[in-house]
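Here are some notes for a first look through this model. Keep the viewer open as you read and check each point as it comes up.

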Number of protein chains: 2
Amino acid sequence: MYVGDQWKLSWSTRAALEAETVAATFCSGHGRAYLDGLVAHGNKPVCTCNSCFTGPDCSQFIPHCPATADSGNPLFLEPFWMQHLASSALVVVGWHQMAYTYEDSTYVSKELEKLVRRLHETVGNAVTENRFIIFGAGSTQVLNAAVFALSPENTSSPARVVSSVPYYTLNKEQTEYFSSEKFEFEGDAYTWRNRSDGSSTNVIEFVTSPNNPDGQLKQAILHGLNVKTIYDRAYYWPHFTPIPASADEDVMVFTLSKLTGHAGTRLGWAVIKDEALFKRMMEHMRLNSMGVSKDAQLRAFRLLKTVLEEGTEIFDFAYRTMKSRWERLVRTISLSDRFSLPENNPQYCTFYSKVRQLSPAYGWLKCEREEDKDCFAVLKAANIIGREGHRYGAEDRHVRLSLVKTEDDFDILIERLNELISKEDGVRTFEE
Amino acid sequence: MYVGDQWKLSWSTRAALEAETVAATFCSGHGRAYLDGLVAHGNKPVCTCNSCFTGPDCSQFIPHCPATADSGNPLFLEPFWMQHLASSALVVVGWHQMAYTYEDSTYVSKELEKLVRRLHETVGNAVTENRFIIFGAGSTQVLNAAVFALSPENTSSPARVVSSVPYYTLNKEQTEYFSSEKFEFEGDAYTWRNRSDGSSTNVIEFVTSPNNPDGQLKQAILHGLNVKTIYDRAYYWPHFTPIPASADEDVMVFTLSKLTGHAGTRLGWAVIKDEALFKRMMEHMRLNSMGVSKDAQLRAFRLLKTVLEEGTEIFDFAYRTMKSRWERLVRTISLSDRFSLPENNPQYCTFYSKVRQLSPAYGWLKCEREEDKDCFAVLKAANIIGREGHRYGAEDRHVRLSLVKTEDDFDILIERLNELISKEDGVRTFEE
């Protein structure tokens, strides 16, 4: 309400006080307290600590705890949001958007859609003009919606879903789980290319580019009238890769998770050329979950508004962080004969107007010694938890190391790697 | 931050000001402005008007506009939240819950789970002690998770999914859409009961109780070792039905939508007895959408906290509203020989400790005249939009009328019904 000519806060005060109090909980820089976090006596949320830290204020380091580099939790972006508290805060009134749909009877917030288009235009990573945009519960749900919608109906022969090795684990797991007469998972796209019946079968190829796990700007392997391609562009942001050009594929999938770091919000989107396909994907969203959480869409709206208001700041922060992590990782691995990382050829980045290297979300580590066939086990013995190569359709000589977690996680990972590699050098020196 | 011994709001002020300003937008009581609503000049969100109202402040009534009684948008609860602004407001910090999982590595907020259990205990509508709870994007996603998880693996014969007529439309649509070697939709449970091969096949029966569309406390039709039952308990709250006892089935599905009215949040849950089933449903949530939006869970957390803080107030408000609507509907229909409503036998309600009638979310209207085989068309001619009986596996002599929308929607529905029925009387009087 107005008091004089000044707005005086009324209904939001209680909630604001509570949220600020919880957010101000001291967790030693190794944790944070959430409004809906576990509570202790007095119903006060307690600190959620980073891995390897414990105690009421997360100040105690747990010695010999494992470096967990498995999940892709993008908490490397948390400090950015901690530095932009006022501009990213969100206040929700109790009666906010209670209906299933928005005013235009769709499941898609038009204002969020506008922000997504503006963002792609600003970054120059995807063409969105004259394209349809659909939201889903993370890229996870959107990717599967695309597979369903691209599969032919009323056919006796299911579409074969492929991806070139190494591929994103979920492509396999999800496609197998939902497989039916419409589609089934067929494995490596390279293998399919050599199949004689290849040209007469409907094929759907996943192209994750930049790729998860190896960070490369992957290309489609299969082409032809009966081939549909789903481009997973989750990592096509300047923090992870040079942006050579604005992507302009038929179906491109993005996610808030790897852009702003808000994996928990579950908000992904697809940019789609064909209207019929768009409608089929919309129908999928209706039958799967009756649209997308409006609270997730509201949160994304607030966050993307902040991203756009701050110019290139989030990308500068995120690129700086990833670049520095890669420099540390490369320095460490370069001391070793036992491990290697993929080649990293510089390319021109239209966003930063300069030639630069990749700075992917994951390190796709290879164990080079003949006997180290199980690279995961080699690392595990050194108290490092990565993800096994076979999960990506590749050899277990490879391990994926997540580089997008908290700074604490990354520090511990580098420390453990250094320990492991220093022993290796020690042994070699000793033997020589 | 503290100034003296008082907390002075800092980072939340800007967002609070913005939210309060938008929420205070004048929409004549026939609409409301949303933070992420469509914007006009000056980037100010504009009013979203109730159906049949228009203009910048929703003050203009649109004459002859149709009464839309089709969707189940539970906006009858919006006034409750407008009356509880301070206790239901939510303030979210920019770095809130960015990870995929909570501190215990699950997709389920333990604090929200506690509130759900406390609520069921308070209302006495479901046993949750020693039960597992899983969240999903509305009951929509949870119902399908249950079908997948209850279907046998590695079988040549898919589970047959049935429901007794009239059944919830989505049970058919969703099951058919996702059907595979694991399960397929088989239609009416009554028909299946008489099948000779019935006892050797795996069957999954949906029991929506109270039922959508007809509001009855539906019972399972099929029983036996090879029969699994999914109880859709979306409407099992005191506003819609007497609560004869605490439900205690193996799989019970609930949703925020029909409890607090927040359909757009997409937050449903299942209460599950069997741990193995719970784990399979969790895996479904992972493969389908990598869990549930944490923003949806946070919103539900805030709303359920308010519900519990306010004692029985939300149920009193909602029951009062539904009871009054049913009294008006019954009064109107009782003047007619052309239309009828299902029987409404009173039962004892343990929540209100009294005998009372049903006050369902929908009116399951029947056209009684021999020639009125298409009841939807009869109503449409009178400018009333319901939903056709065949969508519920029933005859088109039936139409579902939604009674849970805004007061404006309901007023217009009653007005149109009165008009239609008064003509009927007129015609009858004229002919006599």
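1. A definition to start with: a polar contact is a pair of N or O atoms within 3.5 Å, and within protein one of them must be able to donate a hydrogen and the other to accept it. Keep in mind too that this is a predicted model. With that in hand, go to the start of α10(B), where a side-chain oxygen of B:S293 comes to within 3.1 Å of the backbone nitrogen of B:D295.

2. Stay with that helix for a moment. Helix α10 of chain B covers residues 294–309, which makes 16 residues. How far should they span at 1.5 Å a residue? The expected figure is 22 Å, and the end C-alpha atoms are 22 Å apart, so the two agree.

3. Is α10(B) mostly covered or mostly open? Mostly covered: 14 of its 16 residues are buried, and buried here means under 20% relative accessible area. Just after α10(B), have a look at B:G311, which takes a positive phi of about 65 degrees.

4. Now zoom out to the pair of chains. Two copies of a chain are related by a rotation about an axis and a shift along it. Here, a turn of 180 degrees with a shift of 0.0 Å along the axis lays chain B on chain A, with an RMSD of 0.0 Å. That is how a two-fold axis relates its copies.

5. How much area is buried between chain B and chain A? About 9,100 Å², with carbon and sulfur atoms giving 59% of it. On the chain B side, B:W11, B:W95 and B:M98 lose the most area to chain A, together 10% of what that side buries. The contact takes 98 residues from chain B and 97 residues from chain A. Of the interface residues of chain B, 99% are also interface residues in chain A, so the copies meet through the same surface.

6. Over in chain A, try A:E184, which sits in strand β11 (residues 183–188). With a relative accessible area of 29%, A:E184 counts as partly exposed, because that label covers values between 20% and 50%. Beyond its neighbours within four places in sequence, A:E184 is in contact with residues including A:P158, A:R160 and A:T175. A:V203 lies 19 residues from A:E184 in sequence, and their C-alpha atoms are 9.8 Å apart.

7. One item from a record: UniProt, in an unreviewed entry, places the feature "domain: Alliinase EGF-like" at residues 10–65 of chain A. In the model that stretch is 20% helix and 18% strand, with its end C-alpha atoms 47 Å apart.

Technical notes. Residues numbered from 1 in each chain as written. Chains lettered and ligands numbered in written order. Predicted model: local features only at pLDDT ≥ 70, side-chain atom pairs only at ≥ 80, totals over all residues. Heavy atoms only, no water. UniProt positions renumbered as here; feature names shortened; annotations may be inferred. Helix = DSSP H or I, 4+ residues; strand = E, 2+ residues; numbered from the N terminus. Least-squares fit on C-alpha atoms with pLDDT ≥ 70 in both. Contact = heavy atoms within 4.5 Å. Expected span 1.5 Å × (residues − 1). Buried < 20%, exposed > 50% of the residue type's maximum accessible area, 1.4 Å probe, protein only. Buried area = accessible area lost by both parts, 1.4 Å probe.
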